[in-house]
Amino acid sequence: MENQTHILRAFDRDLEGIQTSIMKMGGLVEAAISDAAKALETRDAELAGKVRAGDKPIDALEHAVNEDAARILALRQPIAGDLRTVLTVFRLSGALERMGDYAKNIAKRTGVLMEMDEIEGTTKSLRRMARLVELMLKDALDAYIQRDVDLAHDVRDRDLEVDQMYSGLFREYLTFMMEDPRNITPCMHLHFIAKNIERMGDHVTSICEQVIYLVDGAYPDDDREKGDATATGAPDAG
């Protein structure tokens, strides 16, 4: 009995350790989203460079989390809720790593856009969109820690606003490009940035769906409404 208690305590410590790493990773991604959007709006090359460099710690954390989770699966052989926790950690780390990549891509395009004339008002809208995703991510991580299914559903529904913002920006960029051919190149970069932010929102909804799975043992059975009507086929990242 004493040995079994020791094993259970060690298992709990393992789970706490990887969940702490997930929250640390989430904090780094939140900061990367915020800094990337600020660097874009203020044309801050130094801040954009910080975002690009900051992707390496996010990648390193994902690697460490996945290794720890794989070790837990091999050694502890968890079942039921504990197994769902470990599987959720795998998926959360992947979603967060991808969001870090998108932030890095935004920072890269910021450097390119700084070599071009600014199109007035466009970056403010992108920063608002990024702020919405950043707040969604914060709430999604809170839902994960608190095992709050209602909050997870709420955040998942809020992605509709991100999709609608993306569709509006897409139409706005088309207008700019038709008005002046010189706007085509910068608007293409701005469009890719908007698409990166929209994809971040999709990854936040994925995190929320994992929270729902973790608590309820099943994924949501409804198809979330999408507000992106552009159907552009744009790649995820540039």
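The expected span of a helix is 1.5 Å times one less than its number of residues. That rule serves at one stop of this tour, which concerns a predicted model.

**The whole chain.** Begin by displaying the protein chain in full. Seven helices and zero strands are present, and the order of elements from the N terminus is α-α-α-α-α-α-α. Of the 238 residues in the chain, 49% are buried. Contacts between residues at least 6 apart in sequence are mostly of long range, since 85% of them join residues at least 24 apart.

**Colour by confidence.** Next, colour the chain by pLDDT. The mean is 88, and 86% of the residues reach 70 or more. Among the elements, helix H2 (residues 45-53) has the highest mean pLDDT, 97, whereas helix H1 (residues 2-42) has the lowest, 82. Select residues 1-7, where pLDDT stays under 50 and the model has one contact beyond four places in sequence. Then select residues 231-235: the pLDDT is again below 50, and this stretch has seven contacts in the model beyond near neighbours in sequence.

**Helix H5.** Now select helix H5, which spans residues 122-146. How far apart are the end C-alpha atoms of H5? They lie 37 Å apart, and the 25 residues of H5 should span 36 Å at 1.5 Å a residue, so the two values agree. Move on to Arg 147, just after H5, where phi is positive at about 55°.

**The cavity.** By the rule applied here, the model holds one cavity of 30 Å³ or more. The largest cavity has a volume of about 80 Å³. To see its lining, select Leu 40, Arg 43, Leu 113, Met 116, Asp 117, Glu 118, Ile 119, Thr 122, Thr 123, Pro 186 and Leu 190. Which elements give two or more residues to this lining? They are helix H5 and helix H7 (184-216). By type, the lining divides into six nonpolar, two polar and three charged residues.

**Asp 59.** Finally, select Asp 59 in helix H3 (residues 55-76). Is Asp 59 buried or partly exposed? Its relative accessibility is 28%, and because buried means under 20% and exposed over 50%, Asp 59 counts as partly exposed. Show Glu 97 and Asp 101 as well: Asp 59 is in contact with both, leaving aside its neighbours within four places in sequence. Add Ser 93, which is 34 residues from Asp 59 along the chain; the C-alpha atoms of the two are separated by 9.2 Å.

Technical notes
Residues numbered from 1 in each chain as written. Predicted model: local features only at pLDDT ≥ 70, side-chain atom pairs only at ≥ 80, totals over all residues. Heavy atoms only, no water. 1 Å grid on protein atoms, 1.4 Å probe; cavity = no way out; pocket = protein on both sides within 12 Å on 5 of 7 lines; lining within 4 Å. Points joined across faces, edges and corners; volume = space filled by probe spheres on them. Helix = DSSP H or I, 4+ residues; strand = E, 2+ residues; numbered from the N terminus. Nonpolar A, V, L, I, M, F, W, Y, C, P; charged D, E, K, R; others polar. pLDDT = per-residue confidence, 0-100. Contact = heavy atoms within 4.5 Å. Buried < 20%, exposed > 50% of the residue type's maximum accessible area, 1.4 Å probe, protein only.
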